[in-house]
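Student: I have a model open and would like to talk through some of its local geometry before I set anything up. Can we go through it piece by piece?

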Amino acid sequence: MKHLYLIISLTIVFGFTQTTQAQFFEKLKKKTEQKIKSEGEKRVEKKMNKTVEKGYDEVEKTVEGDGTKKEEKKTDDSKQTTSTDTKQTNNDQTAPVKDSESNFSVMVNSKYDFIPGEKIIFFDDFTSENVGDFPILWNTTGSGEVVTNNLDNNRWFYITNGNGISALMEPLNLPDNYTIEFDVVPMKNLKNNSSADFTFWLFSTTKPKDLKYGLARPGGTGIKFSFGYNNYVTAYYADGTPVISGREDVPKLKADTKYRMSIWVQKSRIRLYVNETKLFDLPKAVPQTPRFNMIRFDGGTPMITNVRVASGLPDMRSKLLTEGKLVSYGIYFDVNKSVVKPESYPSIKEIGQILRDNPDVRIKIIGHTDSDGDDKSNLELSKNRSAAVKNVLVSEFQIDASRIETDGKGETEKVAPNDSAVNKALNRRVEFIKL
């Protein structure tokens, strides 16, 4: 508008002729239009950018808001972390997700080196128990029950007496080399509102039915890991002598948060991992005699599931290249999904390295499930899981996709009867066949 007022004023003051005025107007009109257009375009562009940015912000808020609302609604529906829903849950019950949803969040340069044992000694995911019952393979001086929660579709053993001891019903026959894994959710003690501390023991006892026996020498020997909500993880010998005091470079465990605990024993050496972080590597902590034969939890009210004890490291290279078939129990998936979990990294890394070292080798990946759920869903799930493993080998380890075929057999080729948690764990596997 200022440009227009300037043009009119100049015309009146200087008394241009009609022709001159027309020429003058025409020239200034073009300049004015160009300037207005230029400035307008900049302003429009700037405004559009702001609008786009605002749009992205709104989308992010909407997505986050929806997620929050859904989570809040889910929490409200459950009202408590635990539930006595009697609906059967298992790892292979519902229809699988699409392959595009499969992902792998651990980078190739990860230092996480835990590889689970090959031969399963003990396994319990509590799917054989009714919700509300005490698990049959466990013993206690306190109380506990099988529950579900709003974190996932697993069943959990919720230890509800913070002063009680919960241990296996029968002792374990452990060799020189073995691994122990379990998922845990530290919980605050609702009775006295105490912090979410708990301890895990691996020890030797000659009286496995007497849970109060063998806590310290000479009755028994062992090592315990103390996980604190307010304190850092600490390792102790059975007699109370600290192996290592609280580590300052590891994060505190949080209440109501799911963690994966992995323990690796190689003769006298023991290593402890929380998720993909190695917390302890103690070279002389495990005595050769007497051998450890019992695991237990005490001093807190945690929820635990997927307790797995296995022996022997798989010789992947020999089995795949020489024998032509490798069966892996070290590749994990989210419940009812084909999403490869980060703790699968070391096992897949080993297979990736074998394929890198032998560029002419081609393989077929075959997924297998247990018999829980319907046949059709299990078949599709097993195929999606094998495809997910291939995706990891291709995307994370740069293996040529043309070298890998995939297939799934569902529950059709079982290696054990589906009559116990251990046998179902044996049937849930990933096979690699040399072509």
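Tutor: What follows is a walk through a pocket, a few residues and two helices of this predicted model.

Student: Let's start with the pocket. What volume does the largest pocket have, and which residues are closest to its centre?
Tutor: The largest pocket has a volume of about 740 Å³. Its lining is made up of 32 residues, and the closest to the centre are Asn306, Tyr332, Phe333, Asp334 and Lys341. The elements that give two or more residues to this lining are β2 (119-124), β12 (259-266), β16 (303-311) and β20.

Student: And by class, how many nonpolar, polar and charged residues does the lining have?
Tutor: The lining of the largest pocket has eleven nonpolar, eight polar and 13 charged residues.

Student: Back to Asn306, is it buried or exposed?
Tutor: Asn306, which lies in strand β16, is buried, because its relative accessible area of 13% is under the 20% cut-off. The backbone of Asn306 also deserves a look, since phi is near 50°, a positive value in a residue other than glycine.

Student: Where else is phi positive in a residue other than glycine?
Tutor: Asp256 is one of them, with phi near 60°. Asp256 is found in the loop between β11 (242-244) and β12, and at 45% relative accessibility it counts as partly exposed. Gln398, just after α5, also takes a positive phi, of about 55°.

Student: While we're on backbone angles, which peptide bond is cis?
Tutor: The bond from Thr289 to Pro290 is cis, with omega near -10°, and Pro290 is found in the loop between β14 (277-282) and β15 (294-298).

Student: Changing topic, what does the side chain of Asp183 pair with?
Tutor: The side chains of Asp183 and Arg260 are joined by a polar contact of 3.1 Å. Asp183 lies in strand β7 (residues 177-185) and is buried, with a relative accessible area of 2%. Leaving aside neighbours within four places in sequence, Asp183 is in contact with several residues, including Trp156, Tyr259, Met303 and Asn306.

Student: And Asn423, what does its side chain do?
Tutor: The side chain of Asn423 makes a polar contact of 2.7 Å with the side chain of Asp419, while a polar atom of the Asn423 side chain lies 3.3 Å from the backbone oxygen of Pro417. Asn423 is found in helix α6 (residues 421-427), and it is buried, with a relative accessible area of 17%.

Student: Now the helices. How many residues does α5 have, and which residue caps its N-terminal end?
Tutor: α5 has 23 residues and reaches 32 Å from its first C-alpha to its last, close to the 33 Å expected at 1.5 Å a residue. Asp374 caps the N-terminal end of α5, with a side-chain oxygen 3.2 Å from the backbone nitrogen of Lys376.

Student: What do the buried residues of α4 pack against?
Tutor: The buried residues of α4, among them Tyr345, Ile348, Ile351 and Leu355, pack against α3 (316-323), β17 (325-328), β18 (363-368), α5 (375-397) and β20 (429-434). Helix α4 (residues 345-357) has 13 residues and reaches 18 Å from its first C-alpha to its last, close to the 18 Å expected at 1.5 Å a residue.

Student: Last one, how is Lys319 placed?
Tutor: Lys319 is found in helix α3 and is partly exposed, with a relative accessible area of 21%. The C-alpha atoms of Lys319 and Ile433 are separated by 9.6 Å, although the two residues are 114 residues apart along the chain.

How values were computed
Residues are numbered from 1 along each chain as its sequence is written. This is a predicted model: local features need pLDDT of at least 70, side-chain atom pairs count only at pLDDT 80 or more; totals for chains, interfaces and linings use all residues. Side-chain values use heavy atoms; hydrogens and water are left out. Helices (H or I, at least four residues) and strands (E, at least two) are DSSP runs, numbered from the N terminus. Buried means under 20% relative accessible area, exposed over 50%, partly exposed in between (1.4 Å probe, protein chains only). A polar contact is a pair of N or O atoms within 3.5 Å; within protein, one must be able to donate a hydrogen and the other to accept it, and residues adjacent in sequence count only if both atoms are side-chain atoms. The expected span of a helix is 1.5 Å times one less than its number of residues. Contact means heavy atoms within 4.5 Å. On a 1 Å grid over the protein atoms alone, a cavity is a set of points where a 1.4 Å probe fits but cannot get out, and a pocket is an open set with protein on both sides within 12 Å along at least five of seven lines; lining residues have an atom within 4 Å of a point. Grid points are joined across faces, edges and corners, and a volume is the space filled by probe spheres set on the points. Ala, Val, Leu, Ile, Met, Phe, Trp, Tyr, Cys and Pro count as nonpolar, Asp, Glu, Lys and Arg as charged, and the others, Gly among them, as polar.
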